[in-house]
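Work through the following exercises with the sequence and the structure side by side, trying each task before you read its solution.

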Amino acid sequence: MKFIEGLTVELKKQITDDIQKTVIAFANTDGGTVYIGIEDNGDITGVQNIDGEMLRMSNMIRDAIKPDVTLFTSYEVEEFEGKNVIKVIVQKGTKRPYYLASKGLRPEGVYVRQGASTAPASDSTIIRMIKETDGDSYENMRSINQDLTFETASIEFNIRKVPFGIWQYRTLKLINEDGIYTNIAHILSDQCVHTIKAAVFEGTDKAVFKDRQEFSGSLLLQLKEAYDYISRYNRTRSEFSGLHRIDKKDYPEDALRESLLNSLVHRDYSYSASTLISIFDDRIELLSVGGLAKGISLNDIMLGVSVSRNENLANIFYRLTLIEAYGTGIPKIFRSYKDFPIQPKIEVSDNAFKITLPNKNETDEKIFLSENEKVVMELLNEKYEITRKDVQEALNSSQTMAGRVVKKLTDRGLIKQIGKGKNTRYLR
């Protein structure tokens, strides 16, 4: 019988460390067989100490490869030309990608089969295998980086008197059943690659920068530092009513806190783009990537419906008392602007979610509403969108009068017109 190396066949004269890579490649591709005791050219040399070499081989595979691939490997001894050969049969694994424990989930640790060769997998191939095995939930997928530390997270958990040890790693889904770090662990780790970028602009557009900052590290650290940063620009202005001084902040603290938490808890971390915070004289904008989670609309959000894209992250924030309960954040933002003429604005695209908070002290001085305009704005507080007929009924007025009121509000940018003719409707 003539042996030839190919996609599913590897020949080895003796056991070497390279066999680990071959077993990984077979398990990551379509399976295969390693023959030990056969030269590359097909000449049979055999193995002398069969029992000892089989034990050595099985221990090597068990200790050097993660996740555990032993369930997908078996060993046989066959005789060719009167010589014993070890046959290592490797099936395609169900927990791909398999990798060298000493190298991790990187190209130098992950191998695939290409023809008769074993080759390092590319980053994109590794990510594809992870998605195929772990599903589409980013936070449940295995982290590419397995060299993670949690100094910041440990401090934050300790401050809130929440246990944070190996048992909690499992219950919080930081590690999977094989003891491998997931992406939620990466997000909370000191090695997190996602960032928040904040910038302060002069005036009401992005023409002139006054200051900028980027926050990195554990998401818990970014949350703290970003909130401290925007709080520095949440100025307090004082007014006097008789002998009493009334202090008014530019932005309600509840609105700032909930908007920042929302932008971090619900963003899509499979994108590399940063969360953006833009501070203008008259507003703050918080932009996160990912749009809405599947299955819900902006109307649902306004009603308090919450479908979390990152359930594990939301659960961790809940345990740390950073959030109260699902679906309370957005309503709390709008309640903090109750009776204020300009309301927060939410804009959604397929891949982005933006919350705009108006500066109460800036707009309070510049915006004056008539009684009819106040009625319309209050109506929009109750409904996500309205029609001119809704305005007529609310004002108990003529069609002409209702049209005049909504036109003034539209011209001033306080409400937005969508559609034309009979399909015309208005929203914030």
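**Exercise 1. Charges over rings**

Find which ring the charged end of Arg212 sits over, and then do the same for the charged end of Lys360.

Solution. Begin with Arg212, whose charged end sits over the ring of Phe209 at 3.6 Å from the ring centre. Then turn to Lys360, where the charged end sits over the ring of Tyr337, 5.2 Å from its centre. Both values are computed from a predicted model, in which side-chain atom pairs count only at pLDDT 80 or more.

**Exercise 2. Aromatic pairs**

Classify the pair formed by Phe72 and Tyr98, and then the pair formed by Tyr229 and Tyr233.

Solution. As background, the structure holds 13 aromatic pairs. In the pair of Phe72 and Tyr98, the ring centres are 6.5 Å apart and the planes meet at 65°, which is an edge-to-face arrangement. Next, place the two residues along the chain: Phe72 belongs to the loop between strand 3 (65-66) and strand 4 (73-80), while Tyr98 belongs to the loop between strand 5 (83-90) and strand 6 (99-100), so that the pair links parts of the chain 26 residues apart. Both Phe72 and Tyr98 are buried.

For Tyr229 and Tyr233, the centres lie 5.4 Å apart and the planes are at 55°, so this pair counts as tilted. The burial of its two members can be read from their relative accessible areas, since buried means under 20%. Tyr229, at 1%, is therefore buried, whereas Tyr233, at 27%, counts as partly exposed. Beyond these pairs, one aromatic cluster is formed by Phe150, Phe157, Phe164, Tyr169 and Tyr181.

**Exercise 3. The two sides of a helix**

Decide which residues of helix 14 (residues 388-395) are buried, and explain why they are on the same side of the helix.

Solution. The buried residues of helix 14 are Asp390, Val391 and Leu395. They cover an arc of only 120° around the axis, and this is why they lie on the same side of helix 14. A general rule helps here: an α-helix has 3.6 residues a turn, so residues three or four places apart point the same way. On the other side of helix 14, Lys389 and Glu393 are exposed. The packing partners of the buried residues are helix 13 (371-382), strand 17 (385-386) and helix 15 (399-411). Following helix 14 comes Asn396, which has a positive phi near 55°.

**Exercise 4. A strand and its partners**

Describe how strand 13 (residues 275-279) is covered, and in which sense it pairs with strand 9 and with strand 14.

Solution. Strand 13 is mostly covered, with four of its five residues buried. Strand 9 (residues 196-201) runs parallel to strand 13 and is joined to it by five bridges, with Ala198 standing opposite Ile277. Strand 14 (residues 283-289) pairs with strand 13 in the antiparallel sense over four bridges, and here Leu276 stands opposite Leu287. Strand 13 and strand 14 form a hairpin, with three residues between them.

**Exercise 5. The nonpolar core**

Which residues have the most contacts inside the largest nonpolar core?

Solution. This core has 74 residues, and those with the most contacts inside it are Phe157, Leu174, Ile277, Ile316 and Phe317. Apart from it lies another core, of 25 residues, which includes Ile36, Met60, Val69 and Ile86. Finally, look at helix 10 (residues 311-319), where Ile316 and Phe317 are among the buried residues.

Definitions and conventions
Residues are numbered from 1 along each chain as its sequence is written. This is a predicted model: local features need pLDDT of at least 70, side-chain atom pairs count only at pLDDT 80 or more; totals for chains, interfaces and linings use all residues. Side-chain values use heavy atoms; hydrogens and water are left out. A nonpolar core is a set of buried Ala, Val, Leu, Ile, Met, Phe, Trp, Tyr and Cys residues joined through side-chain atoms within 4.5 Å. Buried means under 20% relative accessible area, exposed over 50%, partly exposed in between (1.4 Å probe, protein chains only). The arc is that of the directions from the helix axis to the C-beta atoms. Contact means heavy atoms within 4.5 Å. Two strands pair if DSSP finds at least two bridges between them. Rings of Phe, Tyr and Trp (its six-membered ring) pair if their centres lie within 6.5 Å; planes under 30 degrees apart count as stacked, over 60 as edge-to-face and the rest as tilted. A charge sits over a ring if NZ of Lys or CZ of Arg is within 6 Å of the ring centre and within 35 degrees of the ring normal.
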